[in-house]
Amino acid sequence: MSSHVGEDAPEADDEAGLRKIIHVDMDAFFASVEQRDDPELRGKPLAVGGTSGRGVVAAASYEARAFGVRSAMPTSRALRQCPDLILRKPRFEVYRAVSQQIRAIFLDYTPHVEPLSLDEAYLDVTADLKGIGSATRIAEQIRARIRQETGLTASAGVSYNKFLAKLASDQNKPDGLCVIRPGEGANFVAGLPVRRFHGVGPRGAEKMARLGIETGADLAARDLAFLRAHFGSFAEYLFRAARGVDLRQVRANRPRKSVGGERTFHENIEAPDALRETLDQIVEIVWERIERAQASGRTVTLKLRHADFTTLTRARSVSPRIADKAQFAAIGHALLEELMPLPQPVRLMGLTLSALEGTTKDEKPPGQQRADQLSLF
């Protein structure tokens, strides 16, 4: 499936000061890998993650999503919503290997690749190294090669900045392509619900609804002073996003102060076993980011956000630096055990490695997390 916003038009070129950005997002990545490797799972509702009633879903196939099963949902609720749900434990070593295959495809088209996780990345293809002629055709080639070389499908968004490219990649999932051409960004954003904006969660969307803001057009109708009064430092990002503006560059080798990830649950969790299992999943994904960034640090920080939105953090530093994943995981679990039993259920968990060697401050969009600390799902 593919879609273009507006009529065909000449694509942005570097001389005009616009970039050609592609955002590639694998479709239900963990679950799709499992269905690829086990034909018996194809076409069936599948969840990857906790296999016990107290576990947590890490990823869900599209067949499972039809029943409302989502990542970060407790396994017990997923089974209630989909009694025929098949559960599989994650195989992170396999997902990492496939991710490396996909990244090699990206690098065949541009050195400007900014991975966000195992299954998504931004590419700046303004230079068109292969002389293919358009960013849209490059995206089509990349998707075709991913399918041919890995047996998996990917969705892609093509536009002139990162914000729009990411919105576009979500537009026609799964196995879709969407192009937002220069001059079309503001109109595209105007019709979207604000929940589609990266960084706007359920709570933020509820607050906006109370203020009469439900779409991009509603948001664009508010001036910066109004947004600052209600959203603080997040206002500048919202003001620009509502107009389809994003000045961030695709940065392949960004300096970092920390590497981490966090996960918000569909339902609050308080069972110790479920919290430990979720922490193991976070460790696997964050350590992959640490290895990819070739980061080396001394401080591990655990973050918990309770049901009432109060946030609790605990950190531990070691010397010399963290040696391997086992030590990183052990410190994270030690911090969690010190806090249990918890006074109330948890709605978010995060783990971060900081005090990195030889790093400087990284850029971030106003009001958002740095890109090396994006939510896991």
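**Exercise 1. Describe the surroundings of Glu-120, starting from its side-chain contact with His-23.**

*Solution.* Step 1: the side chain of Glu-120 makes a polar contact with the side chain of His-23, at 2.7 Å. Keep in mind throughout that this is a predicted model.

Step 2: place the residue. Glu-120 sits in strand β7, which covers residues 120-124.

Step 3: decide whether Glu-120 is buried or exposed. The cut-off for buried is under 20% relative accessible area. Glu-120 has 15% relative accessibility, so it counts as buried.

Step 4: list the neighbours. Leaving aside residues up to four places away in sequence, Glu-120 touches His-23, Val-24, Asp-25, Pro-115 and Lys-166.

Step 5: check the record. An unreviewed UniProt entry carries the annotation "active site" for Glu-120.

**Exercise 2. Work through the same kind of description for Ser-159.**

*Solution.* Step 1: Ser-159 belongs to strand β8, residues 154-159.

Step 2: its relative accessibility is 4%, and therefore Ser-159 counts as buried.

Step 3: look for a polar partner. The Ser-159 side chain reaches the backbone oxygen of Ile-180 at 2.8 Å.

Step 4: complete the contact list. With residues up to four places away in sequence not counted, Ser-159 touches Arg-19, Lys-20, Ile-21, Leu-164, Ala-165 and Ile-180.

**Exercise 3. Characterise the packing of helices α1 and α4.**

*Solution.* Step 1: choose the descriptors. A pair of packed helices is described by the angle between the axes and the distance between them.

Step 2: fill in the values. Helix α1 (residues 29-37) packs against helix α4 (residues 92-107) at about 100°, and the axes are 10 Å apart.

Step 3: classify the angle. This makes α1 roughly perpendicular to α4, given that 65 to 115 degrees is the range for that class.

Step 4: name the residues that make the contact. From α1 come Phe-29, Phe-30, Val-33, Glu-34, Arg-36 and Asp-37. From α4 come Phe-92, Val-94, Tyr-95, Val-98, Ser-99 and Ile-102.

**Exercise 4. Reconstruct the sheet that contains β10, β11, β12 and β13, and find its edges.**

*Solution.* Step 1: write down the order. The open sheet of 4 strands reads β10-β13-β11-β12, and the pairing is antiparallel.

Step 2: identify the edges. β10 (258-269) and β12 (311-317) each have a single partner strand, so one side of each is left without a neighbour in the sheet.

Step 3: add the twist. On average, neighbouring strands of this sheet are turned by 10° against each other, direction ignored.

Step 4: go through the pairs.

- β10 pairs with β13 (residues 346-354) over 8 bridges, in the antiparallel sense; Thr-264 has Leu-348 of β13 as its bridge partner.
- β13 and β11 are also antiparallel and share 8 bridges, with Val-300 partnered by Leu-353 of β13.
- β11 and β12 run antiparallel and are joined by 7 bridges; Thr-299 is partnered by Ser-317 of β12.

Step 5: inspect the hairpin of β11 and β12. There are 4 residues between these strands, and Phe-309 takes a positive phi near 75° in this hairpin.

**Exercise 5. Find which strands helices α12 and α13 lie across.**

*Solution.* Step 1: helix α12 (residues 272-292) lies across β10, β11 (299-306) and β13, and runs at about 150° to β10.

Step 2: helix α13 (residues 325-339) lies across β11, β12 and β13, at about 40° to β11.

How values were computed. Residues are numbered from 1 along each chain as its sequence is written. This is a predicted model: local features need pLDDT of at least 70, side-chain atom pairs count only at pLDDT 80 or more; totals for chains, interfaces and linings use all residues. Side-chain values use heavy atoms; hydrogens and water are left out. Two strands pair if DSSP finds at least two bridges between them. Helices (H or I, at least four residues) and strands (E, at least two) are DSSP runs, numbered from the N terminus. Axes are lines fitted to C-alpha atoms, for helices over the stretch in contact, and angles run from 0 to 180 degrees between N-to-C directions. Contact means heavy atoms within 4.5 Å. UniProt positions are given in the numbering used here, feature names are shortened, and annotations may be inferred rather than shown by experiment. Buried means under 20% relative accessible area, exposed over 50%, partly exposed in between (1.4 Å probe, protein chains only). A polar contact is a pair of N or O atoms within 3.5 Å; within protein, one must be able to donate a hydrogen and the other to accept it, and residues adjacent in sequence count only if both atoms are side-chain atoms. Angles under 35 degrees count as roughly parallel, over 145 as roughly antiparallel, 65 to 115 as roughly perpendicular and the rest as oblique.
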